[in-house]
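Reader: I should like to go through this model with you, beginning with its internal voids. Please keep the criteria explicit as we proceed.

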Amino acid sequence: MAAIKEIQASPGEEDRILRVWTPVLLRTILVIATVILLGGLILMITQSPGNYVRRYHAVQAEHFAEKADFAEMLRLAAGGDPHSVMTLGLYVLTLVPLARVAFCFLLFVKERDFAYVGFTAYVLIGLIAGILLGRIG
Amino acid sequence: MLAILGSLLLLAFGSGLVGSLSGLGGGVFIVPALVIAAHMPITVAVGASLISVVATSAGASVAFVRDGWTNLKVAMVLECATVTGAVAGALLAGMIPAVVLELLFALMMLQSAYFSLRKQGDDLVEHGDPIARRLELAGDIPDDSGKMIHYEIVNLASGGALMVVAGLMSGLLGIGSGALKVMAMDYFMHLPLKVSSATSNFMIGVTAGAGALVFLARGDVATSIAAPVAIGVTAGALLGSRILPHANVRALRLAFVVILILIAIEMGWRALQGI
């Protein structure tokens with residue numbers, strides 16, 4: 001139970017997992033997201049700079065509608081569409097908090113600390129509800 | 001295109017740097033930078049900022065996790081409140097007029113300025129709340145000499161209530177609400193400042209993530225703006241965290257408080273002109 005706290009001085013197994021693997025996990029997702037975002041920007045610069053300028057001014061005038069269809073965005077990103085590649089990068093970035101909470105959830109389950117399994121599940125559901133409510137809203 | 005992209009990256013880089021050096025995070029600077037300097041609508045700035053806050057919080061938490069100051073249990077209990085607030089805030093953001101958002105933003109900036117000026121020191125208590133004891137929220141942290149110091153937690157209910165407000169502001173305004181979160185933990189719940197800062201950083205990422213997901217799913221994140229902003233803010237925050245150990249933190253904070261107040265006045269003035 002006490003090992004769940006990251007503040008523990010004695011390195012228990014969970015403590016080691018938290019301190020060693022959480023930064024690795026966070027860094028990996030961050031690096032992947034940054035590479036995708038940079039890749040999208042470079043594609044945009046090389047392929048369709050005029051398109052970027054048009055979009056920029058449309059956003060300033062509040063005339064923009066991003067594609068909310070995830071499958072379509074993935075298909076376009078796979079085809080190398082710069083805008084969709086960048087959108088994919090933004091989605092990957094939001095995996096960081098999701099992954100961290102999911103990681104905590106698994107640790108609390110392993111510890112059989114059910115009050116905290118409940119709290120963490122609520123937070124995870126809140127994050128997922130954000131996606132669903134965003135689609136409806 | 002390169003001129004537009006370059007200025008956007010530079011704005012974001014500067015905001016990330018200042019946010020990191022001031023300890024207030026990038027959001028509180030990137031939103032006004034996009035609204036005032038890049039002439040972006042506030043909802044676009046909020047969406048882009050939420051994404052950047054997720055990125056910078058993740059970057060900073062790598063160091064915090066290794067130091068081991070984050071109290072994961074406190075974070076999870078309070079995060080239930082902030083996530084609820086953040087999702088509600090992000091859903092409401094599309095419906096609330098821009099003037100109201102700009103006014104709220106100005107108020108939050110003033111709160112951040114007040115927080116920066118407030119005397120900060122640990123005010124530990126010996127006995128925790130019955131609920132805090134039941135949830136085993138207390139912890140230990142090494143002091144400067146390496147001796148372990150035990151801390152207890154009180155006022156969980158009022159801290160939680162403030163966290164709902166922090167989450168709401170985060171979802172509405174695209175900021176991490178770090179100043180409000182640290183204040184709730186440090187001032188109301190009597191956690192040591194190091195633990196409050198580390199725990200707040202963990203929570204900021206999750207709260208902003210909840211808001212960002214609502215914005216992304218709704219198609220309200222302008223990718224052309226958010227992508228370069230996320231890269232710029234993260235790079236600025238990384239440089240800031242490198243400079244910070246060598247900087248005169250007190251002088252920097254005072255300088256940033258002045259900047260914060262000036263931006264708050266500008267944002268408030270813009271909002272009032274729009275009424």
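Reader: Which helices of chain B each supply at least two residues of the lining of the largest cavity?
Author: They are α2 (27-37), α5 (98-117) and α8 (178-188) of chain B. Helices (H or I, at least four residues) and strands (E, at least two) are DSSP runs, numbered from the N terminus. This is a predicted model, in which local features need pLDDT of at least 70 and side-chain atom pairs count only at pLDDT 80 or more, while totals for chains, interfaces and linings use all residues. Residues are numbered from 1 along each chain as its sequence is written, chains are lettered from A and ligands numbered from 1 in the order in which they are written, and side-chain values use heavy atoms, with hydrogens and water left out.

Reader: What counts as a cavity here?
Author: On a 1 Å grid over the protein atoms alone, a cavity is a set of points where a 1.4 Å probe fits but cannot get out, and its lining residues have an atom within 4 Å of a point. Grid points are joined across faces, edges and corners, and the volume is the space filled by probe spheres set on the points.

Reader: How many cavities of 30 Å³ or more are there, by this rule?
Author: The count is four. The largest cavity has a volume of about 80 Å³. It is lined by 13 residues, and the closest to its centre are Leu24(B), Val28(B), Ser112(B), Ser177(B) and Gly178(B).

Reader: How does that lining divide into nonpolar, polar and charged?
Author: There are six nonpolar, seven polar and no charged residues in the lining of the largest cavity. In this scheme Ala, Val, Leu, Ile, Met, Phe, Trp, Tyr, Cys and Pro count as nonpolar, Asp, Glu, Lys and Arg as charged, and the others, Gly among them, as polar.

Reader: And the second largest cavity, what is its volume?
Author: The volume of the second largest cavity is about 60 Å³. Its lining draws on both chains, with Leu26(A), Val96(A), Pro97(A) and Arg100(A) among the residues from chain A, and Val54(B), Ser57(B) and Phe202(B) among those from chain B. Helix α4 of chain A, together with α3 (42-67) and α9 (193-218) of chain B, each supply at least two residues of it. By class, this lining has seven nonpolar, four polar and one charged residues.

Reader: Let us stay with α4(A). Where does it bend?
Author: The bend is about 25° at Val96(A), and Pro97(A) follows within four residues. The bend at a residue is the angle between axes fitted to the seven residues ending there and the seven starting there.

Reader: What span should α4 of chain A have at 1.5 Å a residue?
Author: The 30 residues of α4(A), residues 82-111, should span 44 Å, and the end C-alpha atoms are 44 Å apart, which agrees. The expected span is 1.5 Å times one less than the number of residues. Just after α4(A), Arg112(A) takes a positive phi of about 55°.

Reader: Why is α4(A) described as largely enclosed?
Author: Because 22 of its 30 residues are buried, α4(A) is largely enclosed by the rest of the structure. Buried means under 20% relative accessible area, exposed over 50%, and partly exposed in between (1.4 Å probe, protein chains only). Across chain A, buried residues make up 43% of the 137 residues.

Reader: Turning to strands, how do β1 and β2 of chain B run?
Author: Strands β1 (residues 139-142) and β2 (residues 148-151) of chain B run antiparallel and are joined by four bridges; two strands pair if DSSP finds at least two bridges between them. They form a hairpin with five residues between them, and Gly146(B) in the turn has a positive phi of about 95°.

Reader: Which residues stand opposite each other?
Author: Asp140(B) stands opposite His150(B), and Gly139(B) has Tyr151(B) as its bridge partner. Along β1(B), Gly139(B) and Ile141(B) point to one face and are buried, while Asp140(B) and Pro142(B) point to the other and are not.

Reader: Is Trp269(B) buried or exposed?
Author: Trp269(B) counts as exposed, at 52% relative accessibility. This residue is found in helix α11 (residues 249-274) of chain B.

Technical notes:
On a 1 Å grid over the protein atoms alone, a cavity is a set of points where a 1.4 Å probe fits but cannot get out, and a pocket is an open set with protein on both sides within 12 Å along at least five of seven lines; lining residues have an atom within 4 Å of a point.
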